[in-house]
Amino acid sequence: MKILVGYVPTPEGEAALEAAGAEALLRGASILLLNTSRGDTFLDNRYANSEELAAAETKLRERGVEVTIKQAVGSGDVAGELLKAAAEEEVGLIVLGLRRRSPVGKLILGSTAQRVLLEAPVPVLAVKVPTSRDD
């Protein structure tokens, strides 16, 4: 089995990476880490650089998880890239990180997460950044 993780170098991306690693160990699966850009990679801080990707890969490999990294540039359609990768790579699970939202923002998910949840051909695990118990 292969698990697709939508990775961005943010706390949400790190939460998704952590959850995907745990799921991979539990299921005996490998991970396909996909990082994509909404447009120009030089302007999009969600597009991971080589050091960020190497750190993510090291975290997974140190846990004993096999990982493949792919980057998609410039399509502007992050959900489309995730769905395309899920179909092409025949993944069994997609893992995404979600941002915390304001009360109004809670009425809808982010467009990428919402589209992946609705259109994915496989289960989707949506994770949030853990908060401290003092909040």
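Helices are DSSP runs of H or I with at least four residues, and strands are runs of E with at least two. On that basis, this predicted model contains 4 helices and 5 strands. From the N terminus, the elements follow the order β-α-β-α-β-α-β-α-β.

**Chain as a whole**
- The chain has 135 residues, of which 39% are buried.
- Of the contacts between residues at least 6 apart in sequence, 76% link residues at least 24 apart.
- About 7700 Å² of the chain is exposed, and carbon and sulfur atoms account for 52% of that area.

**Helix α1**
- Helix α1 covers residues 11-27, and its 17 residues should span 24 Å at 1.5 Å a residue; the C-alpha atoms at its ends are 24 Å apart, so the two values agree.
- Its buried residues are Gly 13, Ala 15, Ala 16, Leu 17, Ala 19, Ala 20, Gly 21, Glu 23 and Ala 24.
- An α-helix has 3.6 residues a turn, so residues three or four places apart point the same way.
- The buried residues of α1 pack against four strands and a helix, namely β1 (2-6), β2 (30-36), β4 (93-98), β5 (124-128) and α2 (50-62).
- Gly 28, just after α1, adopts a positive phi of about 65°.

**Thr 36 in strand β2**
- Thr 36 lies in strand β2.
- The relative accessible area of Thr 36 is 7%, which is under the 20% cut-off, so Thr 36 counts as buried.
- Beyond its neighbours within four places in sequence, Thr 36 contacts Arg 46, Tyr 47, Ala 72, Val 78 and Glu 81.

Definitions and conventions. Residues are numbered from 1 along each chain as its sequence is written. This is a predicted model: local features need pLDDT of at least 70, side-chain atom pairs count only at pLDDT 80 or more; totals for chains, interfaces and linings use all residues. Side-chain values use heavy atoms; hydrogens and water are left out. The expected span of a helix is 1.5 Å times one less than its number of residues. Buried means under 20% relative accessible area, exposed over 50%, partly exposed in between (1.4 Å probe, protein chains only). Contact means heavy atoms within 4.5 Å. Accessible areas come from the Shrake-Rupley method with a 1.4 Å probe; for residues, only the protein chains shown count as cover.
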